[in-house]
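Here are a few exercises to work through at your own pace. Try each task before you read its solution.

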Amino acid sequence: MTVDSEPSGVSLPVAGIVTAVVSSFINGSTFVLQKKGILRSRDRGSSYLTDVVWWTGTLSMIVGQIGNFLAYNVAPAVIVTPLGALGVLFGAVLASWILKEHLNILGKLGCVLCCCGSVVLIIHAPKEETITSRLELEERLSDPVSVLYVLLVVLLLVILIGWIAPVHGTSNIMVYVAICSLLGSFTVPSSKGLGLVAQDILGEGPSGSRALALFLGLLGTLAVSILIQFFFINKALESFSSNMFEAIYYVTFTSTVILASALLFKEWTALTLTDSLAMLCGLTTVCVGVVLLRISQEALITWKKKTD
């Protein structure tokens, strides 16, 4: 007995999901290894730029970003980004082993919720892309709502980087988290846009020139965004716990990326009402799991009954 397969346009993007999962695990090791390198160099009284472990974490970040780039070009952003929760899970386990950051029952429950939420997201993910060509991308980029959103994000980044970060960055983790998360509004759409434009670069005539100009613009935006994120991630790791930063960063980064993708790529329009509600529930489950991972770093839990 055979079962007819679904048309390619409505099947789950298996390649994108697998790539996203693998990239999430690689990215999960990034913060832990970089934090370990920073602590090792601090004990030696030298710069972390000379530490092998820190460079291993940096290499993991590069590999993970390449994996994310591939995943965003074969699967919708509204599924690739939430799957980053698996990286938070792996990072928490790795931190308990390498950094000796204790993972109690709350943390383990958070890991379970991250896995369950991720499964729900995969099952109910959009089955098709809403933008499949460079011309559609150009139309979405010129949309007034998208332009207004980009200008607002740039304004917030200028205020955060220029005025707030120098004063409150080392005392309030949300400053660095906000900067890195807002930059996700550029890195993810740029990654996805590069894949759409690349196929037209070799075209002849004016369309080929326009495609090349758009490709270079997206590539420049992606490079600048990643470099700024890289700088402020390391600034955050110098002052805060890797688990705490990664957990909060995941929730805010996911929120900003999904918002940016909803405005630009409108991937939510490919979902039914049932799938939309299921994805919201899955995302909520993942976020609760991440919060539990964060709380577990400070909570003290005992199963013994208190006696007089």
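**Exercise 1: The chain as a whole**

The protein chain exposes about 15,400 Å², and carbon and sulfur atoms supply 71% of it; such areas come from the Shrake-Rupley method with a 1.4 Å probe, and for residues only the protein chains shown count as cover. Before going on, note that this is a predicted model, in which local features need pLDDT of at least 70, side-chain atom pairs count only at pLDDT 80 or more, and totals for chains, interfaces and linings use all residues. Residues are numbered from 1 along each chain as its sequence is written, and side-chain values use heavy atoms, with hydrogens and water left out.

Task: Find how many helices and strands the protein chain has, and what share of its residues is buried.

Solution:
- Step 1. Count the elements: the protein chain has 11 helices and 0 strands. Helices (H or I, at least four residues) and strands (E, at least two) are DSSP runs, numbered from the N terminus.
- Step 2. Look at burial: of the 308 residues in the protein chain, 47% are buried. Buried means under 20% relative accessible area, exposed over 50%, and partly exposed in between (1.4 Å probe, protein chains only).
- Step 3. Turn to contacts (heavy atoms within 4.5 Å). Among those with a separation of 6 or more in the protein chain, 82% come from residues 24 or more positions apart.

**Exercise 2: Salt bridges**

Task: Work out which residues are joined into one network by salt bridges that share partners.

Solution:
- Step 1. Search the whole structure, and 2 salt bridges turn up. The criterion is a side-chain nitrogen of Lys or Arg within 4 Å of a carboxyl oxygen of Asp or Glu.
- Step 2. Arg-40 pairs with Asp-51 at 2.9 Å, N to O. Because Arg-40 sits in helix α1 (residues 14-44) and Asp-51 in the loop between α1 and α2 (52-72), the pair ties together parts 11 residues apart in sequence.
- Step 3. Arg-44 also meets Asp-51, at 3.2 Å, N to O. Arg-44 is partly exposed, because its relative accessibility is 47%.
- Step 4. Put the pairs together: Arg-40, Arg-44 and Asp-51 form one network through shared partners. Asp-51 is buried, with a relative accessible area of 1%, whereas Arg-40 is partly exposed at 33%.

**Exercise 3: A nonpolar patch**

Task: Locate Leu-155 and decide whether this residue counts as buried or partly exposed.

Solution:
- Step 1. Leu-155 belongs to helix α7 (residues 144-168).
- Step 2. Its relative accessibility is 48%, so Leu-155 counts as partly exposed.
- Step 3. Leu-155 helps to make a nonpolar surface patch of about 770 Å², whose members include Val-150, Leu-152 and Trp-163. Patches are made of residues with over 30% relative accessible area and no salt bridge; like charges are joined within 9 Å, nonpolar side chains (Val, Leu, Ile, Met, Phe, Trp, Tyr) within 5 Å.
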